[in-house]
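Let's take a walk through this structure, strand by strand and contact by contact. Have the sequence and the 3D view open as you read.

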Amino acid sequence: AVKGGEPLLKLDAGDVSAVTWYGEGDARRIVSGGKKLLLWDAVKGGEPLLEFEGAGVVRSLTCHRAGDGWHIVSGGYDTLRVFDAVKGGAPLRKLEGHSDVFGFKGWVRAITCHGEGDKRRYVSASDDKTVRVWDVAAGAAARPAVDGHEDDVTALARVGDGRRVVTASRDKTLRVWDVVEGGAPLKLVGHEDEVNAVECYGEGDARRAVSGGGDWEGGQDYA
């Protein structure tokens with residue numbers, strides 16, 4: 001049962017902007033990102049197991065299976081970096097290009113994954129107002145950047161198996177994107193101010209997106 005109360009662990013990770021986790025049982029790990037990218041034992045806590053080289057400042061994180069191990073994907077200033085979660089060290093690859101038509105480079109605010117093996121794709125959202133789909137095997141964009149939002153993209157969530165994603169933006173909207181087929185996104189409206197968070201749940205016709213923003217009603221933010 002969920003008990004609430006005090007934290008089970010406290011990890012001295014410094015300035016943290018993003019967290020994720022992977023594994024099961026005693027092999028469960030926590031990844032924290034900020035000024036450093038660190039790997040932690042989620043059961044025992046203690047000191048970091050690894051500090052990854054060349055991560056830069058991290059604003060977003062995700063991870064996925066890679067053979068018998070795991071890969072960590074971090075989002076920074078216009079760049080995604082992929083790390084071996086077991087061996088540590090420098091990035092296995094870099095995916096660069098989050099910048100708009102005027103050359104403005106944006107922070108990568110959210111990342112998710114879709115597919116397996118040679119068909120694996122990363123989907124990233126950025127301050128440059130775009131959502132991008134990356135071919136992991138090729139180490140390059142799978143298609144040109146997709147426009148749709150009119151301001152910074154602040155958050156991103158998978159829908160079901162990840163063929164679609166929902167993004168949130170400071171332009172007061174949510175958008176639903178088809179990662180596989182591409183095309184123009186579906187626009188969801190209703191917020192009166194910037195949208196800062198989104199998550200999805202449910203299946204089929206009962207699938208829902210939950211969003212939170214800076215809307216102001218009676219002196220309190222609401223979702």
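Which residue of β6 does Arg65 stand opposite? Look across from Arg65 and you land on Trp70 in β6. Keep in mind throughout that this is a predicted model.

**The four-stranded sheet**

That cross-strand pair is part of the pairing between β5 and strand β6 (residues 69-75), which runs antiparallel over seven bridges. Step back and you see an open sheet of four strands in the order β5-β6-β7-β8, paired in the antiparallel sense. β5 (60-66) and β8 (93-96) are the edge strands, each pairing on one side only. From one strand to the next, the twist averages 20°. As a reminder, strands of a sheet pair through backbone hydrogen bonds, either parallel or antiparallel.

**The core**

β5 also has a part in the largest nonpolar core: β1 (16-22), β3 (37-41) and β5 each supply at least two of its residues. The core has 13 residues, and those with the most contacts inside it are Tyr22, Val31, Leu37, Phe52, Leu61, Ile72 and Phe83. In soluble globular proteins, nonpolar side chains tend to be buried together.

Leu37 is a good one to click on. Leaving aside residues up to four places away in sequence, Leu37 touches a list of residues including Val31, Leu50, Phe52, Ala55, Val58, Leu61 and Phe83. Its contacts also include Ser32, Glu51 and Ser74.

**β11 and its two hairpins**

Now move along to β11 (131-135). All five of its five residues are buried, so β11 is largely enclosed by the rest of the structure. Both faces are covered: Val131, Val133 and Asp135 are buried on one side, and Arg132 and Trp134 are buried on the other.

On one side of the pairing story is β10, which joins β11 through five bridges in the antiparallel sense. Ser124 stands opposite Arg132 here. The two strands form a hairpin with four residues between them, and Lys129 in the turn has a positive phi of about 80°.

Then there's β12, antiparallel to β11 and joined to it by two bridges. Trp134 has Ala141 in β12 as its bridge partner. This hairpin also has four residues between the strands, and Gly139 takes a positive phi near 70°.

**Salt bridges**

How many salt bridges does a search of the whole structure find? The search turns up seven. Here are some of them:

| Pair | Closest N to O distance |
|---|---|
| Arg109 and Asp127 | 3.0 Å |
| Arg170 and Asp152 | 2.7 Å |
| Asp171 and Arg175 | 3.5 Å |

The Arg109 and Asp127 pair links distant parts of the chain, with Arg109 in strand β9 (residues 108-114), Asp127 in the loop between β10 (121-126) and β11, and the two positions 18 residues apart. Arg109 is partly exposed, at 28% relative accessibility, whereas Asp127 is buried at 9%.

Arg170 forms its salt bridge with Asp152. Arg170 sits in the loop between β14 (164-169) and β15, and Asp152 in the loop between β12 (140-141) and β13 (153-159), so the pair ties together parts that are 18 residues apart in sequence. Arg170 counts as partly exposed at 37% relative accessibility, while Asp152 counts as buried at 14%.

In the pair of Asp171 and Arg175, Asp171 is buried at 14% relative accessibility, and Arg175 is buried too, with a relative accessible area of 7%.

**Two cysteines without a bond**

Why don't Cys63 and Cys113 form a bond? Their sulfurs are 7.9 Å apart, which is too far for one. For Cys63, the closest cysteine sulfur is that of Cys113, and for Cys113 the nearest is that of Cys63. Across the whole structure, a search finds zero disulfides. Both cysteines are buried: Cys63 has a relative accessible area of 14%, and Cys113 comes in at 8%.

**An exposed loop residue**

For a last stop, try Ala184, in the loop between β15 (174-178) and β16 (186-188). Is Ala184 buried or exposed? Ala184 counts as exposed because its relative accessibility is 76%, and the cut-off for exposed is over 50%. Measure across to Gly148 in your viewer: the two are 36 residues apart in sequence and 7.3 Å apart in space, C-alpha to C-alpha.

Conventions. Residues are numbered from 1 along each chain as its sequence is written. Side-chain values use heavy atoms; hydrogens and water are left out. Buried means under 20% relative accessible area, exposed over 50%, partly exposed in between (1.4 Å probe, protein chains only). A salt bridge is a side-chain nitrogen of Lys or Arg within 4 Å of a carboxyl oxygen of Asp or Glu. Two strands pair if DSSP finds at least two bridges between them. Axes are lines fitted to C-alpha atoms, for helices over the stretch in contact, and angles run from 0 to 180 degrees between N-to-C directions. A nonpolar core is a set of buried Ala, Val, Leu, Ile, Met, Phe, Trp, Tyr and Cys residues joined through side-chain atoms within 4.5 Å. Contact means heavy atoms within 4.5 Å. A disulfide is a pair of cysteine sulfur atoms within 2.5 Å.
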